[in-house]
Amino acid sequence: MDFQSDDQFQAEDVDTIVKNAIANTLTDMMYNQEKVNQWMNTIVDLCLKELQSLNRPFKYIVTCIIMQKNGAGLNTAAAAYWDTSKDGKATVNWSNKTMHAIVTVYGGAVNVDNPSELD
């Protein structure tokens with residue numbers, strides 16, 4: 001898979017994938033401590049499967065936080081050293097009456113100069 005100039009990280013496509021994964025998993029759900037791990041795994045798995053189906057030259061990292069909506073604060077931070085012309089990230093915030101969800105997708109471009117190396 002060669003890296004083409006039009007293969008930059010497409011945040012809009014990733015946002016759509018993440019929003020669909022969240023909607024498919026959390027729509028009409030109320031916060032339940034016992035189901036949070038299952039929901040997070042489902043969201044991450046759905047995102048990774050759809051991202052892979054884009055068939056773009058990227059390695060993806062997907063993180064998911066689900067937190068009960070109770071007035072508590074949440075601060076997160078992340079840092080990356082990457083090629084800003086190719087790599088990127090997308091973050092989707094979602095909430096309902098009982099919980100918050102934050103899903104972040106990081107995409108690192110894979111530049112393969114010799115496609116035979118993939119075999």
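Which residues line the largest pocket? In this predicted model, select Thr63, Ile65, Thr76, Ala77, Ala78, Lys89, Thr91, Ile102, Thr104 and Tyr106, which together make up that lining. The space they surround has a volume of about 180 Å³, and by residue type the lining divides into five nonpolar, four polar and one charged.

Next, colour the strands by element while keeping the pocket residues displayed. Strand 1 (58-68), strand 2 (88-95) and strand 3 (99-109) each supply at least two residues of the lining, and the largest share, three residues, comes from strand 3.

Now hide the pocket and select strand 2 together with strand 3. These two strands run antiparallel and are joined by eight bridges, and they form a hairpin with three residues between them. To follow the pairing at one position, pick Trp94, whose bridge partner in strand 3 is Ala101. While turning the view, recall that in a regular strand the side chains alternate between the two faces of the sheet.

From there, move to helix 2, residues 36-53, and check its length between the end C-alpha atoms: they are 26 Å apart, which agrees with the 26 Å that 18 residues should span at 1.5 Å a residue. Then show the side chains of Val36, Trp39, Met40, Ile43, Val44, Cys47 and Leu51, which are buried. Looking down the axis of helix 2, one finds these buried residues within an arc of 125 degrees, so they line one face of the helix. The spacing can be read against a general rule: an α-helix has 3.6 residues a turn, so residues three or four places apart point the same way. Finally, select Asn37, Gln38, Lys49, Gln52 and Ser53, which are exposed on the other side of helix 2.

Methods: Residues numbered from 1 in each chain as written. Predicted model: local features only at pLDDT ≥ 70, side-chain atom pairs only at ≥ 80, totals over all residues. Heavy atoms only, no water. 1 Å grid on protein atoms, 1.4 Å probe; cavity = no way out; pocket = protein on both sides within 12 Å on 5 of 7 lines; lining within 4 Å. Points joined across faces, edges and corners; volume = space filled by probe spheres on them. Helix = DSSP H or I, 4+ residues; strand = E, 2+ residues; numbered from the N terminus. Nonpolar A, V, L, I, M, F, W, Y, C, P; charged D, E, K, R; others polar. Pairing = 2+ DSSP bridges. Expected span 1.5 Å × (residues − 1). Buried < 20%, exposed > 50% of the residue type's maximum accessible area, 1.4 Å probe, protein only. Arc of directions from axis to C-beta.
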